[in-house]
Amino acid sequence: QVLLVFAEEDEQSNGFRWACDKAGFRCHIARTPQSALECFLDKHHDIIIIDHRHSRYFDAEALCRSIRTTKASENTVIICVVQRHTDREESSILPLISAGFTRRYIENSSRMACYNELIQLEFGQVQAQFKLRACNSLFTALEKSQEAIEITSEDHVIQYVNPAFETMMGYQIGELIEKELTEVPINEKKADFLDTINSCIKIGKEWQGMYYAKKKNGDSIQQNVKILPVIGQGGKIRHYVSISRLCNDNNKVEKTCECIQAESQTDTQTCRHKDMRKGSLDVRSTTSRGSDGSSQRRRSSMARVHSMTIEAPITKVINIINAAQESSPMPVAEALDRALEILRTTELYSPQLGTKDEDPHTSDLVGGLMTDGLRRLSGNEYILSAKQTHQVAGSLSSPISLNDIPPRITQAMENEEQWDFDIFELEAATHKRPLVYLGLKIFARFGICEFLNCSESTLRSWLQVIEANYHSSNSYHNSTHSADVLHATAYFLSKERVKQTLDPIDEVAALIAATVHDVDHPGRTNSFLCNAGSELAILYNDTAVLESHHAALAFQLTTRDGKCNIFKNMERNEYRTLRQVIIDMVLATEMTKHFEHVNKFVNSINKPLAALEENGNNGDGESIKTVLRSPENRILIKRMLIKCADISNPCRPREQCIEWAGRISEEYFAQTDEERRQGLPVVMPVFDRNTCSIPKSQLSFIDYFIIDMFDAWDAFADLPNLMEHLNNNIKYWKGLDGRNLRVLRPPP
């Protein structure tokens, strides 16, 4: 792919366009540095040709430097087109090289000259860059290898060691690089041994054998080592590759190469079997005392259970009810029996469907969003999940400053403090990158950089890394959804009751949690991943699979690179508190705990506040503060806040509500299609793109999940405009459903 950066169309740019067509290269044209950066980050071109002839349009060298700051440009060939001067002495190309250009092209608009230039680049620098690009895969293999690998120069200077080598020998890579082998106490007999090894590998043969090596802490370990000479330029040995594994002492005579990474597996297993046999003997001797001894032991165990000093709250409640039953009349005792039966169930907060189970839309939504899926024994595995690579800070360019945001984007964000703010207008203005720009503005408004003690450039890099790890191919769970939830979160944080309740660290945690809450979402539900046996479902034991992944990946992406680590200047205890709140809020977006969170909020916050108002204590600030500011209740409020922000689509203005409904429906349709293709259980059969009624599905979702939750949140935060939108949207969907329409909008 070729990117042409020319401010204006002329013979030179047309010549390169013609040459691209003739060579069969995909060609894109950018007129400004900003559009060039955006296009490059989207397409990752192999060749970029920048016009350096007219400095009045843009600074070509500055643009080249900007591109070179991105990780994506590491293997990109960048050409500088310069003016042809016949009356001037040849100028130095060093400034161009230092700016990051690969080579210079003196203007020549001849189509054939342009074509020849591209062909030479393809078979020269571009082909060489392809080989370099492949090295990333090779180094990834080395980094993940369980064998300890060391690469040295022809002079035995250490140039690379992998993590397995660091673990085996106890050294950090920085302690070894650029050191000669003789400087590191790796071999106990290194002088004699190296002579023996050198005599073999100097003639181009590999050497394999065992020797004792000394770790950094002085411990001696036996290794099976293979050393291979690597022939390079001039047919000479340029590197040596050493591959080591710890030896298994039990097998070293019979199988010298069959080594393992840690202690002797045979010894470990033998010890384990001995321990198991001891346990078995003890169990038999304990239980072979006859029935009297056995029953006596059971009675003793029950006595210990009843005398336990640590009781769960539910156990205390059951004990209180049991005690009350003994002195209660028969009708009360029977009622308490029914209460005990309910309390002893595991699902205390999830309501049973009752009459609603006749509605397939409701039952499918509940089954799809609130269960972990049906287990399959067929061995089908769905490999989307834990991706091996994610976008990191070094692979992205820094977005422009908040003060330099393009006018169209600035205009799209003018009313971002209002609930009716249009996120789709911002999505269009930013070419599907709304999170970076909206995040910059909202985080600045809340003073996040000041709280975290981080620079705006670090925040910009972090927002860009997070946005890059949302899947733009998802119709719903993409960075626009994240930006929408961030906007709703900021709006709720500005409400007076919420401001009374939360501390600054809570506000920071809420905005960060909203930003990352669906990062790397694959566009499939938890039930789908569990049914498919995905790597993520296995990693997280089929429990809160996606939410756990979002939280974990967010911190991995943030802390692995200082350029985007917004937490790097925080005090340790404050960071741990912030991290805990962020994780708790992200996990709260999991729908299996939906009714638990809502019911706890109602019982612990709504009802006590209502009771204070009924008793005439509305003006009693201390009583209200006690309810709002208790640590347990603040947790419930933060969970409720992000839950409402996450699924607030039915409370948005009608056109936004309709757009979101279409996007989530498409994502569910795609999941159903894939389940049928792969022979997996269809989690939500009603979401068949050929038969589904979108109005019915929206009404079911609103009726089952939205109304009660937003009634409770409105009672707390006072949100009349949201409730008005919700009522209008319910009427809209009912109107379509009443006409038996299955689509998003009525026909014209």
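**View 1. Cysteines Cys449 and Cys454 in a model without disulfides.** In this predicted model, the disulfide count comes to zero. A disulfide is a covalent bond between the sulfur atoms of two cysteines. Cys449 takes part in no such bond. Its nearest cysteine sulfur belongs to Cys454, 4.1 Å away. Seen from the other side, the closest cysteine sulfur to that of Cys454 is in Cys449, and 4.1 Å is too far for a bond. The cut-off is 2.5 Å between the sulfur atoms. Cys449 is buried, with a relative accessible area of 15%. Cys454 is buried too, at 10% relative accessibility.

**View 2. His521 in the loop between helices H21 and H22.** His521 lies in the loop that joins helix H21 (504-516) to helix H22 (526-532). Is His521 buried or exposed? It is buried, with a relative accessible area of 5%. Sequence neighbours within four places are left aside here. Beyond them, His521 is in contact with three histidines, His471, His477 and His550. Asn474, Leu546 and Glu667 complete its list of contacts.

**View 3. Glu667 in helix H29.** Glu667 sits in helix H29, which spans residues 654-678. Glu667 is buried, with a relative accessible area of 5%. Which residues touch it, apart from its neighbours within four places in sequence? Glu667 is in contact with Asn474, Ser475, Tyr476 and His477. It also contacts His521, Gly523 and Arg524. Asn474 is 193 residues away from Glu667 in sequence. In space, the two are 7.1 Å apart, C-alpha to C-alpha. Asn474 and His477 appear in the contacts of Glu667 and also in those of His521.

**View 4. Helices H2 and H3 packed against each other.** Helix H2 covers residues 33-43, and helix H3 covers residues 60-68. The two pack at an angle of about 25 degrees. Their axes are 11 Å apart. Angles under 35 degrees count as roughly parallel, so H2 and H3 are roughly parallel to each other. Their crossing is right-handed. H2 brings Pro33, Ala36, Leu37 and Phe40 to the contact. H3 brings Leu63, Ser66 and Ile67. By class, the contact has six nonpolar residues, one polar residue and no charged residues.

Note on methods: Residues are numbered from 1 along each chain as its sequence is written. This is a predicted model: local features need pLDDT of at least 70, side-chain atom pairs count only at pLDDT 80 or more; totals for chains, interfaces and linings use all residues. Side-chain values use heavy atoms; hydrogens and water are left out. Axes are lines fitted to C-alpha atoms, for helices over the stretch in contact, and angles run from 0 to 180 degrees between N-to-C directions. Helices (H or I, at least four residues) and strands (E, at least two) are DSSP runs, numbered from the N terminus. Angles under 35 degrees count as roughly parallel, over 145 as roughly antiparallel, 65 to 115 as roughly perpendicular and the rest as oblique. A crossing is left-handed if the near helix is turned anticlockwise from the far one by less than a right angle, and right-handed if clockwise. Contact means heavy atoms within 4.5 Å. Ala, Val, Leu, Ile, Met, Phe, Trp, Tyr, Cys and Pro count as nonpolar, Asp, Glu, Lys and Arg as charged, and the others, Gly among them, as polar. Buried means under 20% relative accessible area, exposed over 50%, partly exposed in between (1.4 Å probe, protein chains only).
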